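Please open the structure in your viewer and keep the sequence beside it, since each stop of this tour begins with something to select.

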Amino acid sequence: MVLEAQDAFLSLCDQDVAKEAAKIFKKQHLDIRLGARVTGSQINGEEVEVTYLDKEGNEQKQTFDKLIVAVGRKPFTQGCFSEDSGVKLDERGFVFVDEQCRTSVPGVYAIGDIVRGPMLAHKASEEGVMVADIIAGHKAQMNYDCIPSVIYTHPELAWVGKNEQELKAEGVKFKVGKFPFAASGRAMAANDTDGFVKIIACEETDRILGCHIIGGHAADLIAQAVIAMEFGSTAEDIALTVFAHPTVSEAVHEAALAVDNHAIHIANRKKR
Ligand SMILES: Cc1cc2nc3c(=O)[nH]c(=O)nc-3n(C[C@H](O)[C@H](O)[C@H](O)COP(=O)(O)OP(=O)(O)OC[C@H]3O[C@@H](n4cnc5c(N)ncnc54)[C@H](O)[C@@H]3O)c2cc1C
């Protein structure tokens, strides 16, 4: 059972993907309770009794053999720097740094989970490389708009760039291309047809703004979108690229084609 305090499942994900994930996980017999706020837990021998308020506000108690608490992480910077060091922290305890990880003290850098941005291993290590380059006197910069995120479930969830809810909130006009793995020959052969690839492109320039994948190999497939976005590609650039057949990568190609209603292996939306 998953107890989630928020009303939306996987609120950080594109909600199209989150809804698909909830549907698939339910088929896998995962009991997901939204709006469920855990208020306490009590270990009784080999079991643990969890108390929570359900979405109607009623107190519930349930007994489990294992409890995993996954309510997020915070930077552990307490006592890390002396009062007179000059290194500034923000109100949430993150070390304050600029785009190139310089702290408020010249010559002192901070990277990774204790500075702004996603708390991810690849983000931390790339920041480390950038800072090492800067210290060695080279020019270095990181593109914070192109950091992939992955949820290692089965099927995997992976994304890069903006999702639909973020773009709507920013008032950006966009177009969407989606391709289901159920229409991918390779996914069918592997009997792994859950999920889809979704590409979001700027309505005006066609530049790729985000890619959201749920399905087998999503963690690897997302690298294709990361590279495309890093190079400032349009959806048409991917649509004009040749992909090997049969591969699950063809779903990325088809999603890019679908952005302008040119998908080959699924029916396209009616042209406006
Ligand atoms: C359970 C779990 C699973 C995760 N899975 C993934 C994943 O699948 N993919 C992914 O990208 N990220 C994942 N992460 C996040 C990833 O581990 C972190 O983003 C990454 O390790 C951050 O690197 P870092 O160098 O900033 O910090 P850390 O890796 O935490 O390294 C900081 C080091 O500093 C040391 N330290 C702390 N205080 C002091 C001090 N005062 N003096 C000297 N040393 C000190 C610590 O002991 C530690 O070794 C996961 C995290 C957790 C907790």
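Between domain 1 and domain 3 there are three salt bridges, and this is where the tour begins, with the reminder that what you have on screen is a predicted model. To find the two parts, colour the protein chain by its domain assignment, which gives domain 1 as residues 2-64, domain 2 as 82-142 and domain 3 as 149-258.

**The boundary between domain 1 and domain 3**

Hide domain 2 for the moment and look at the other two domains, whose C-alpha centres lie 29 Å apart. If you display the residues in contact, you should find 14 from domain 1 and 17 from domain 3. The size of an interface is often given as the accessible area lost when the parts come together. For domain 1 and domain 3 the buried area is about 1200 Å², with 61% of it on carbon and sulfur atoms. Which three residues should you select on the side of domain 1? Choose Asp-14, Asp-16 and Val-17, which supply 40% of the area that domain 1 buries against domain 3, more than any other three residues. Across this interface there are also eight residue pairs in polar contact, counting those in which both residues have pLDDT 80 or more.

**Two salt bridges to select**

Show the side chains of Asp-16 and Lys-178, which meet in a salt bridge with N and O 3.2 Å apart. Then move to Asp-14 and Lys-198, another salt bridge, in which the closest N and O atoms are 2.9 Å apart. Asp-14 lies in the loop between strand 1 (2-4) and helix 1, whereas Lys-198 belongs to strand 9, so this pair ties together parts that are 184 residues apart in sequence. Widening the search to the whole structure gives 15 salt bridges.

**The five-stranded sheet**

Next select strands 6 to 10, which form an open sheet in the order 6-7-10-9-8 with antiparallel pairing. Strand 6 (149-151) and strand 8 (174-180) stand at the edges, and because each has a single partner strand, one side of each is left without a neighbour in the sheet. On average, neighbouring strands here are turned by 10° against each other, direction ignored.

Within the sheet, highlight strand 7 (residues 156-161) and strand 10 (residues 208-215), which pair in the antiparallel sense over six bridges. A residue to look for along this pairing is Val-160, which stands opposite Cys-211 in strand 10.

Now add helix 1 (residues 15-27), which packs on the sheet and touches strand 7, strand 8, strand 9 (196-202) and strand 10, with its direction at about 0° to that of strand 10. Helix 7 (residues 250-259) is the next element to add, and you will find it lying across strand 8 and strand 9, running at about 140° to strand 8.

**Backbone details in the loops**

For the last stops, switch to a view of the backbone. Where should you look for Pro-155? Pro-155 is in the loop between strand 6 and strand 7, and a cis peptide bond with omega of about 0° joins His-154 to Pro-155. A further cis peptide bond, with omega of about -5°, joins His-245 and Pro-246, and Pro-246 lies in the loop between helix 6 (235-239) and helix 7. Finish at His-29, in the loop between helix 1 and strand 2 (32-34), where phi is near 75°, a positive value in a residue other than glycine.

Key. Residues are numbered from 1 along each chain as its sequence is written. This is a predicted model: local features need pLDDT of at least 70, side-chain atom pairs count only at pLDDT 80 or more; totals for chains, interfaces and linings use all residues. Side-chain values use heavy atoms; hydrogens and water are left out. Two strands pair if DSSP finds at least two bridges between them. Helices (H or I, at least four residues) and strands (E, at least two) are DSSP runs, numbered from the N terminus. Axes are lines fitted to C-alpha atoms, for helices over the stretch in contact, and angles run from 0 to 180 degrees between N-to-C directions. Contact means heavy atoms within 4.5 Å. Domain bounds come from an automatic or database domain assignment. Buried area is the accessible area (1.4 Å probe) that two parts lose on being put together, summed over both. A salt bridge is a side-chain nitrogen of Lys or Arg within 4 Å of a carboxyl oxygen of Asp or Glu. A polar contact is a pair of N or O atoms within 3.5 Å; within protein, one must be able to donate a hydrogen and the other to accept it, and residues adjacent in sequence count only if both atoms are side-chain atoms.
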